[in-house]
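Visitor: I would like to go through the helix packing and the charged pairs of this model. Where should we begin?

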Amino acid sequence: MKKVLPLPYSICEEFSDTLLHDSNRNSILINVKLDYFSIIYKELQKHNYVLVFKKYLSNGSNITCVFKKEDK
């Protein structure tokens, strides 16, 4: 039986092959094409995730980001 993933993780998984989730810190590290960044950013904001780090790669077409869930 396949495990059902939380929606924010599933959203990131749709747009990237490189994805790490830290459940202890409620954070997601993702490497995506720059074209998909705004979609992921907006969707994660809806689920109380904030962008804490971003780095554009030298090829200019990818971005590596870390999002952390904000406690409210």
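Guide: Contact here means heavy atoms within 4.5 Å. The model is a predicted one.

Visitor: Which residues of helix 1 meet helix 2?
Guide: On the helix 2 side, the contact involves Tyr36, Ile39, Ile40, Glu43 and Leu44. By class, the contact counts eight nonpolar, no polar and one charged residues. The helix 1 residues are Pro8, Ile11, Cys12 and Phe15.

Visitor: Is helix 1 roughly parallel or antiparallel to helix 2?
Guide: The axes of helix 1 (residues 7-15) and helix 2 (residues 34-46) come within 10 Å and cross at roughly 175 degrees. Angles over 145 degrees count as roughly antiparallel. Helix 1 is therefore, relative to helix 2, roughly antiparallel.

Visitor: How many salt bridges does the structure hold?
Guide: Arginine 25 and aspartate 22 pair through their side chains, at 3.2 Å from N to O. Lysine 46 pairs with glutamate 43, with 3.0 Å between the closest N and O atoms. The number of salt bridges in the structure is two.

Visitor: Where do lysine 46 and glutamate 43 lie?
Guide: They are three residues apart, about one turn of the helix. Glutamate 43 is also among the residues that meet helix 1. Both partners of this salt bridge lie in helix 2.

Visitor: Is arginine 25 buried or exposed?
Guide: Its partner, aspartate 22, has 22% relative accessibility and counts as partly exposed. The cut-off for exposed is over 50%. Arginine 25 has 56% relative accessibility, so this residue counts as exposed.

Note on methods. Residues numbered from 1 in each chain as written. Predicted model: local features only at pLDDT ≥ 70, side-chain atom pairs only at ≥ 80, totals over all residues. Heavy atoms only, no water. Axes fitted to C-alpha atoms, helices over the stretch in contact; angles between N-to-C directions. Helix = DSSP H or I, 4+ residues; strand = E, 2+ residues; numbered from the N terminus. Parallel < 35°, antiparallel > 145°, perpendicular 65-115°, else oblique. Nonpolar A, V, L, I, M, F, W, Y, C, P; charged D, E, K, R; others polar. Salt bridge = Lys/Arg side-chain N within 4 Å of Asp/Glu carboxyl O. Buried < 20%, exposed > 50% of the residue type's maximum accessible area, 1.4 Å probe, protein only.
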